[in-house]
Amino acid sequence: MIEDGLQYSPRCEKREMIDIAKCQITHYPAEVLAGRAKPVEKIDDNILRLVEKMKDIMLENKGVGLAAPQAGVPLRLFIISLDGTRENIKVFINPIVTPLGELDTFDEGCLSVPGIFTKIKRYKRCKVTATDLDGKLFIEEGEGLYSRALQHEFDHIEGVTIVSRMGEAAKIAHRRQLKKLTQQHEEKQKP
Ligand SMILES: [Zn+2]
């Protein structure tokens with residue numbers, strides 16, 4: 001599931017302009033959070049503007065990471081800043097995250113699933129291969145919070161949120177908030 005990120009044929013893909021002004025934080029159960037995002041084909045002005053907008057959204061919401069689908073754009077791209085500062089934001093384009101070592105359980109939240117903080121199992125360490133904004137490929141190993149953030153954001157571009165990773169007991173414990181988010185989403189869908 002994780003290793004297939006590079007299998008992609010650009011043939012049928014038509015490049016579309018992203019309407020940056022319309023980018024805003026998306027909440028569960030928005031459709032854009034549930035699908036597999038598409039690779040970034042070219043790092044052009046459009047992508048640079050999207051990254052700036054994603055930084056604004058992440059910092060406004062006091063997050064440490066944000067994936068493009070959380071800004072309403074289904075592209076394989078995310079940003080992370082473990083201390084929540086703009087200067088330490090790192091950009092990951094078309095990333096592949098490979099888990100390493102053992103699992104660990106820790107409380108986790110998500111800007112797209114507000115009001116829920118729950119225990120999620122993640123690998124203690126992982127490897128990431130990605131492209132930076134200059135188009136350079138880089139490989140890193142992460143552990144602790146960095147490993148957790150990489151796996152969380154990678155989940156987003158695979159269409160997975162903490163809701164799908166929550167156990168049944170946690171789903172029951174948070175059922176009111178999940179229902180509220182679903183109702184808010186349905187309200188937004190109304191013409
Ligand atoms: Zn998230």
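This report describes selected backbone features and residue environments in a predicted model.

## Cis peptide bond before helix H1

The peptide bond that joins Tyr 28 to Pro 29 adopts the cis form, and its omega lies near 0 degrees. Pro 29 belongs to the segment that precedes helix H1, which spans 45-60.

## Non-glycine residues with positive phi

Two residues are considered under this heading, Lys 62 and Asn 94. Lys 62 is not a glycine, yet its phi is positive, at about 55 degrees. Lys 62 is found in the loop that connects H1 with strand S1 (65-67). The C-beta count within 10 Å of Lys 62 is 8 other atoms, and Lys 62 is therefore classed as exposed, since the cut-off for that class is 12 or fewer.

Asn 94 likewise is not a glycine and has a positive phi, of about 45 degrees. Asn 94 is situated in strand S3, which comprises residues 90-109. With 21 other C-beta atoms within 10 Å, Asn 94 is buried, because the class of buried residues begins at 20 or more. In terms of environment, Lys 62 in its loop is exposed, whereas Asn 94 in its strand is buried.

## Gln 189 and its separation from His 27

Gln 189 lies in helix H5, which covers residues 175-189. Gln 189 is exposed, as 8 other C-beta atoms lie within 10 Å. Along the chain, Gln 189 and His 27 are 162 residues apart, while in space their C-alpha atoms are separated by 13 Å.

Technical notes. Residues numbered from 1 in each chain as written. Predicted model: local features only at pLDDT ≥ 70, side-chain atom pairs only at ≥ 80, totals over all residues. Helix = DSSP H or I, 4+ residues; strand = E, 2+ residues; numbered from the N terminus.
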